[in-house]
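Visitor: I would like to go through the labels used for this model. Please give the reasoning behind each one.

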Amino acid sequence: MAKLNVALFGTQFMGRAHSNAWRQVGRFFDLPVEPVLKVLCGRNPESTRAAAAKLGWEEASTEWEAVIARSDIDVVDICTPGDSHEPIAIAAAEAGKVVFCEKPLANTLAESERMRDAVEKAGVLHMLCHNYRRAPAVALARQMIEAGEIGTIRHFRGTYLQDWIVDPQFPRVWRLEKARAGSGALGDIASHSLDLARYLVGELTEVSGLLETFIAERPLEDGSGSGVVDVDDAALALVRFESGAIGSIEGSRFCPGRKNHNRFEINGSLGSLAFDLERMNELEVYREEGPGSGFRSVLATDPAHPYVAAWWPPGHVLGYEHTFTHTVHDLLEAIDRQELPTPNFEDGVRNQRVLEAIERSSASRSWESV
Ligand code: SOE
């Protein structure tokens, strides 16, 4: 079987999640090509070497440009903070590599457009990792919507709530610095709700946004003092879709008790669907069925449900990490067929265009077109 050598950039949370996906995908799915965990690239030599050994990579490096220049690297997977997505992705595209990048694609719309232009000019395949599309229950929702089972969609309601920075003493980590992360809850978690809105309902046309920062200064991680928080702690938007549907998107890190509460509800003319990542194997379904009508919970763990056949018998639930394995699986299938996977960098640009419209609207206090 043909092998594909992968170089992964980033050793923290997303680096670990993607490493697990590259390692597991061939053990559970029949693949057309075999991914090889070739090089893990990080900033610190010691910690990168330790992470490479723990996560199953053949080599470790801190020289990202040299890694990209290697002729034996086929796929570049970007799991670094947003301020390095553009240089790594453009260098990888120009080197002819397949480029796989964690969300959000970039820290600004302009960066995302340059990245999209670079991969298109280089003619390389590219994919944006919005992993939640590939939770079986979410993929099932998409199938049901496409089959017309809830009719014409009227509402999309996306909420992505966390609570990890409610404590004012939590330090100013990179996700709280605009220069590193581009934005706060808006680009980090509201971007997920936005991607699901585009995946399940369609393109957005107008937004009315509200960004808020509750804690404007936080202790620095090295204990040397405090620093300004220049990103949003919470991001909300009313939205209109091309289809005529309307909705809301909310991302906040200030919701005590909500750990990774990525939820959506979609109301159509014939019924409703609802999903909550904290109960990720279930899809809540409502359809008009006369006096007995009511929301019922579909446990999306049957072999007939998307991706499940590769794993366990019905009822043996899947987890967060499986959504990344499913994403990597679909990327490998697309590479084998030489077809562009979704979401890709064009989706990333469209996502970023909405995020930027939300930022503009929050500043102008008026509706903004996407
Ligand atoms: C935020 O803390 C975060 O890690 C996001 O960056 C990820 O995209 C999400 O999957 C989990 O929460």
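Guide: What follows takes the labels in turn, for a model that is predicted.

Visitor: Why is the pair H1 and H9 called oblique?

Guide: Helix H1 (residues 13-28) and helix H9 (residues 320-337) pack at about 60 degrees, with axes 8 Å apart. Roughly parallel needs an angle under 35 degrees, and roughly perpendicular needs 65 to 115. The angle of about 60 degrees meets neither condition, so H1 and H9 are oblique to each other. The crossing of H1 past H9 is right-handed.

Visitor: Which residues make that contact of H1 with H9?

Guide: H1 brings Phe13, Met14, Ala17, His18, Asn20, Ala21, Trp22, Gln24 and Val25. H9 brings Tyr320, Glu321, Phe324, Thr325, Val328, His329, Leu331 and Leu332. By class, 11 are nonpolar, 5 polar and 1 charged.

Visitor: What makes H6 roughly parallel to H8?

Guide: Helix H6 (residues 136-146) and H8 pack at an angle of about 30 degrees. The cut-off for roughly parallel is under 35 degrees, so H6 and H8 earn the label. Their axes are 10 Å apart. Val138, Ala139, Ala141, Arg142 and Ile145 of H6 meet Leu196, Tyr199 and Leu200 of H8. The classes in this contact of H6 with H8 are 7 nonpolar, no polar and 1 charged.

Visitor: Tyr199 belongs to that contact. Why does Tyr199 count as buried?

Guide: Tyr199 is found in helix H8 (residues 185-200). Its relative accessibility is 15%. Buried means under 20%, so Tyr199 counts as buried.

Visitor: What is Tyr199 in contact with, leaving aside neighbours within four places in sequence?

Guide: Arg133, Val138, Ala139 and Arg142.

Visitor: Now the sheet. Why are S3 and S6 said to stand at the edges?

Guide: The sheet is open, with 6 strands in the order S3-S2-S1-S4-S5-S6 and parallel pairing. Strand S3 (59-61) and strand S6 (126-129) each have a single partner strand, so one side of each has no neighbour in the sheet. Neighbouring strands are turned by 25 degrees against each other on average, direction ignored.

Visitor: How do you know that S2 and S3 pair?

Guide: Pairing needs at least two bridges. Strand S2 (residues 34-41) and S3 have 3 bridges, in the parallel sense, so the two strands pair. Val39 stands opposite Glu59 in S3.

Visitor: Which helix packs on the sheet, touching S2 and S3?

Guide: Helix H2 (residues 45-55) does, and its direction makes about 160 degrees with that of S2.

Definitions and conventions. Residues are numbered from 1 along each chain as its sequence is written. This is a predicted model: local features need pLDDT of at least 70, side-chain atom pairs count only at pLDDT 80 or more; totals for chains, interfaces and linings use all residues. Side-chain values use heavy atoms; hydrogens and water are left out. Axes are lines fitted to C-alpha atoms, for helices over the stretch in contact, and angles run from 0 to 180 degrees between N-to-C directions. Helices (H or I, at least four residues) and strands (E, at least two) are DSSP runs, numbered from the N terminus. Angles under 35 degrees count as roughly parallel, over 145 as roughly antiparallel, 65 to 115 as roughly perpendicular and the rest as oblique. A crossing is left-handed if the near helix is turned anticlockwise from the far one by less than a right angle, and right-handed if clockwise. Contact means heavy atoms within 4.5 Å. Ala, Val, Leu, Ile, Met, Phe, Trp, Tyr, Cys and Pro count as nonpolar, Asp, Glu, Lys and Arg as charged, and the others, Gly among them, as polar. Buried means under 20% relative accessible area, exposed over 50%, partly exposed in between (1.4 Å probe, protein chains only).
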